[in-house]
Amino acid sequence: MSDGVRCMWMRGGTSKGGYFLADELPADRDAFLMRVMGSPDTRQIDGMGGADPLTSKVAVVKRSARAGVDLDYLFLQVSVDQPMVSDGQNCGNILAGVAPFSIERGLIAAQDGQTRVTIYMENTGQTAIATVQTPGGLPSYLGVASIDGVPGTAAPVPLEFVGTAGSTCGALLPTGNPRDQVEGVDVTLIDNGMPVVLLRAADLGISGAESREELEGNAMLKSRLESIRLACGPQMNLGAVIDKTIPKMTLVGAPNQGGVIATRTFIPHRCHASIGVLGAVSVATACLLPGSVTEGLAQVPDGSQKLMPIEHPIGETSIIAQVSDTGEVTSAAVLRTARKLMDGLVFA
């Protein structure tokens, strides 16, 4: 199209993408977004995408008509090398930019100091609360908070998640079991905000400490993971998942950087540079379940409030889990940061 569409490009957590107001997107939304990103093309040379799933993401935002909710947020994953736009999952990293974007666009009236924004995640019907630094009533992106995978520091954006269990699969453990066996491999099928299949790395012949590049080059491992993923889809109430980006596949091993557990996640066909926010929540929850594949590997701290660093290829993502007397995870929070990169018109 010759007319541009208003868009803000932001880094949210360890991801990056375009943020749009819902009523400003054209009717041919998906085709438009593929042109914007330059998909399908492994380099995305003719668009804004960064040739990686983590930089080919979109947030669609609007004021919410729901009681007690400020914003509705729809996350869209634009495939890099396939003509596909998926709404089958959330993204907790892109979520970190939703509140400051909405304040910038005038959807939310910010308070002086900090502003709490309640966000309904349309993909899975979950609600999150983001706290944004707003000195003088304007978003501030400068601060001393740091997260692994992002150089430097920025203003903190704490994200609180409540009631995420089973948001996509219908139950925290869609099979009712903390451990199942699929194609001869022990797995934990779990959904506490993100459907994840956990497998012990050692059961697939690796240590779980390999680099992203080493795992990306292991064609036999990737083929095995995809075969297991396709078999897990129906068991997780997701149906056929051959054209879906969920469930995520997470290989786990004993921690080696002082965290709770080490992870290597496929999303689902590329190895994640780190781990998704809601994926980390699901992994942390699995570490608290007796009988899961993390048993004997996870180093879980004591107390009803547990700080749980989830190790990944470039550091760790810390989840703060609140646990009831019965062992149920009642809420989870994670620290993210965000930064405005560009505001203007994007063309397709």
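**Pocket, crossover and loops in a predicted model**

Helix H6 gives three residues to the lining of the largest pocket, the most of any contributor. The model described here is predicted. The volume of this pocket is about 550 Å³. Its lining counts 37 residues. Pro53, Thr245, Ile267, Pro268 and His269 lie nearest the centre of the pocket. Four elements each give two or more residues to this lining. They are strand S4 (71-78), helix H2 (92-95), strand S12 and helix H6.

Enclosed space was examined as well. Rolling a probe the size of a water molecule over the atoms shows where empty space is left. Across the whole structure, one cavity of 30 Å³ or more is found. The largest cavity holds about 40 Å³ of space. Eight residues appear in its lining: Pro100, Val132, Gln133, Ser140, Tyr141, Ala155, Val157 and Ala338.

Helix H6 spans residues 277-287, and Ser282 sits within it. Ser282 counts as buried because its relative accessibility is 0%, and the cut-off for buried is under 20%. A polar atom of the Ser282 side chain lies 3.0 Å from the backbone nitrogen of Asn192. Asn192 is also one of the residues that Ser282 touches. The others are Ile190, Asp191, Gly193, Met194 and Val196, with residues up to four places away in sequence left out of the count.

Helix H6 also takes part in a crossover. Strand S13 (residues 261-266) and strand S14 run parallel and are joined by two bridges. The chain passes from S13 through H6 to S14 in a β-α-β crossover, which is right-handed. Ile261 has Ile310 of S14 as its bridge partner. Strand S14 covers residues 305-312 and is mostly covered. Six of its eight residues are buried.

Strand S14 has a further partner in strand S15 (residues 315-323). These two strands pair in the antiparallel sense, over eight bridges. Two residues lie between S14 and S15, and the strands form a hairpin. Within this pairing, Glu311 has Glu316 of S15 as its bridge partner. In a regular strand the side chains alternate between the two faces of the sheet.

Val323 also belongs to strand S15. Val323 is buried because its relative accessible area is 12%, which falls under the 20% cut-off. Its contacts include Leu288, 35 residues away in sequence. The C-alpha atoms of Val323 and Leu288 are 9.1 Å apart. Val323 also touches Ser304, Lys306, Glu328 and Thr330, again without counting residues up to four places away in sequence.

Two cis peptide bonds were examined next. One joins Ser39 and Pro40, with omega about 0 degrees. Pro40 lies in the loop between helix H1 (29-37) and strand S3 (57-63). Another runs from Ile246 to Pro247, with omega near 0 degrees. Pro247 is placed in the loop between helix H5 (219-235) and strand S12 (248-253). Strand S12 is also among the elements that give two or more residues to the lining of the largest pocket.

Positive phi values were considered for residues other than glycine. Glu183 has a phi near 50 degrees. This residue is in the loop between strand S9 (180-182) and strand S10 (185-191). Glu183 counts as partly exposed because its relative accessibility is 38%, a value between the 20% and 50% cut-offs. Asn237 is not a glycine either, yet its phi is positive, at about 65 degrees. Asn237 is found in the loop between H5 and S12, where Pro247 is also placed. Asn237 counts as exposed because its relative accessibility is 52%, and exposed means over 50%.

Notes: Residues numbered from 1 in each chain as written. Predicted model: local features only at pLDDT ≥ 70, side-chain atom pairs only at ≥ 80, totals over all residues. Heavy atoms only, no water. Buried < 20%, exposed > 50% of the residue type's maximum accessible area, 1.4 Å probe, protein only. Polar contact = N/O pair within 3.5 Å; in protein donor to acceptor, adjacent residues only side chain to side chain. Contact = heavy atoms within 4.5 Å. Pairing = 2+ DSSP bridges. Right-handed = clockwise from strand over helix to strand, strands pointing away. 1 Å grid on protein atoms, 1.4 Å probe; cavity = no way out; pocket = protein on both sides within 12 Å on 5 of 7 lines; lining within 4 Å. Points joined across faces, edges and corners; volume = space filled by probe spheres on them.
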